[in-house]
Amino acid sequence: MYLTLILLYFFPIQSLYSPMIELVKSMELYRTASPFDRRVTALEWHPTKSDILAVGSKGGDIILWDTEHFDKDKIVQGIGAAGSCQAMKFWPWDRDKVVSASINGTVTLHDFELQTGTVLADTMNSYDHWYCSLDVNTNRYIVAAGRNQGILHLMSTEGRKIFEYRLHKNKVTHVEFSPREEWMLCTASTDCTVQLWDIRFIKDRKSVVEKLVHDKPVNSAYFSHTDGCRLLTTDQGTNIRVYRAPYWHLETTIEHPHRFFQHITPFKATWHPLQDLIVCGRYPDKNFPGSGQELRTIDIFEAENGKTVAQLYNPSSNGLCPLNKFNWQGDALATGMGFHILLWNRQKLISRKQLNLMESMSSKPGQSSSSSSRNLASDPLSSSRQRPRPSKKKKTTDEDIDDLKKKTKTKTSDNTKTRKK
DNA sequence: GTTGACTTTAGCTCT
DNA sequence: AGAGCTCCAAGTCAAC
């Protein structure tokens, strides 16, 4: 298995596609967690530890979820309402830290150990100006962050301003540095464009290198992980597009239902790390050509021809899945589904210790679920923590953190309706 | 336990 | 630039 992965990493050859597709097809729901009081807004796998997943929420809480061990999770608490974590990355120079772009108007470097946050940028007016996208350039020690009014902000790793200009007419939904050309930056926007920039010469809108015009607002634009030669965009309508270097011509258009709705996290198609496979959640549309029985599936396509190669679905977790990301080994997929996090992988043998723990959790009293709630608790592998919804925006204190930790330790099994009456 | 009101920093169009 | 309308998911909470 590992030999195959290594081979595929170094030799991404067409003829070796099928083993990876077979692996993806065999994936099943393995664990779930519900640590937040608001919906999931951002997912990021740890760059080296393939079991660690960072998840951000609409309340600004960020959790480092250890997907293999219980009670190893780390949390930083957000401000609640108006603190939505819009994007985040592991800090390349200290991978126990996470930098986030937030709707509270800041770009903040979070330390999970010390429970502190270093503010790198602050708009000082979070209602009108906030950050909604972020990436880090390891070679040039630059943090790029996009704002809701179309401004791109480049800063040093200490937060010193390098560049700030309104490059888009509207919200910059996604920024990403090319893994291939370290000077190349891609920005996606709700002004219906994806634009490529050379940060060595970036000055104003005229300095754009390439402009890829879409029919609808664009949620994301990811460079492929295999060689960085493909760019995957997701619009707010029915298009997933793949553009191809060096001239960034449109290579594939996939018709796919993933429309925008205000009160759900925008859908973003992402790459498989070892093969040019695309994963994207589906918004239910019975009338959409090719829709099967299950309308809320997670669909996986081949980039080259747009062919559907797999669909993931589990009846016990029947919600919209706008966020999906493979870990860097490609053997696990994380999904953000409403307030919940799902983990898919090939069925694993579960240790006796884990089984005992799960059995003891599922036998806890007072964990019935109402008819309107989702049936996640019936998943024997489900782990969950929930806390009461905070009343109003308030400053996070050490007591709050202690309180949160206490609650996350005591609530484990039921992730549906265990909140206090 | 069930039901329904309420809440939610988006995007589009018109003025 | 701002008001008002529309997209209609998924949770909380109070009343019954």
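**Close-up views of a predicted protein–DNA model**

**View 1. Ring pairs join Trp91, Trp93 and Tyr141 into a cluster.** The model shown here and in the views that follow is a predicted one. Across the whole structure, a search finds 5 aromatic pairs. In one of them, the ring centres of Trp93 and Tyr141 are 5.1 Å apart and the planes meet at 15 degrees, so this pair is stacked, the angle being under 30 degrees. The pair links distant parts of the chain, since Trp93 belongs to the loop between strand 6 and strand 7, whereas Tyr141 belongs to the loop between strand 10 (131–137) and strand 11 (142–147), 48 residues apart. Trp93 has a relative accessibility of 33% and therefore counts as partly exposed, and Tyr141, at 45%, likewise counts as partly exposed.

**View 2. Phe223 and Trp248 form an edge-to-face aromatic pair.** The distance from centre to centre is 5.9 Å, with 70 degrees between the planes of Phe223 and Trp248. Because Phe223 lies in strand 18 (residues 218–223) and Trp248 in the loop between strand 20 (239–244) and strand 21 (249–255), the pair ties together parts that are 25 residues apart in sequence. Phe223 counts as buried at 1% relative accessibility, and Trp248 counts as buried at 8%.

**View 3. Four strands form an open sheet with antiparallel pairing, in the order 6-7-8-9.** Its edges are strand 6 (85–90) and strand 9 (116–122), each of which pairs on one side only. Neighbouring strands of the sheet are turned against each other by 25 degrees on average, with direction ignored. Within the sheet, 5 bridges connect strand 7 (residues 97–102) to strand 8 (residues 106–111) in the antiparallel sense, and Val98 stands opposite His110 in strand 8.

**View 4. The surroundings of DNA strand B comprise 14 residues, of which Lys58, Ala82, Trp130, Thr190 and Gln262 come nearest.** Among the atoms of DNA strand B that come within 4 Å of the protein, sugar and phosphate account for 47%. By residue class, the surface near DNA strand B divides into 6 nonpolar, 6 polar and 2 charged residues.

**View 5. Polar atoms of Ser126, Gln236 and His263 approach DNA strand B.** For Ser126, a backbone N or O atom lies 3.1 Å from a base nitrogen of DNA strand B. A polar side-chain atom of His263 is placed 3.3 Å from a base oxygen of DNA strand B, whereas for Gln236 the partner is a phosphate oxygen of DNA strand B, 3.2 Å from a polar side-chain atom.

Notes. Residues numbered from 1 in each chain as written. Chains lettered and ligands numbered in written order. Predicted model: local features only at pLDDT ≥ 70, side-chain atom pairs only at ≥ 80, totals over all residues. Heavy atoms only, no water. Pairing = 2+ DSSP bridges. Helix = DSSP H or I, 4+ residues; strand = E, 2+ residues; numbered from the N terminus. Axes fitted to C-alpha atoms, helices over the stretch in contact; angles between N-to-C directions. Near = heavy atom within 4 Å. Polar contact = N/O pair within 3.5 Å; in protein donor to acceptor, adjacent residues only side chain to side chain. Nonpolar A, V, L, I, M, F, W, Y, C, P; charged D, E, K, R; others polar. Phe/Tyr/Trp six-rings, centres within 6.5 Å; stacked < 30°, edge-to-face > 60°. Buried < 20%, exposed > 50% of the residue type's maximum accessible area, 1.4 Å probe, protein only.
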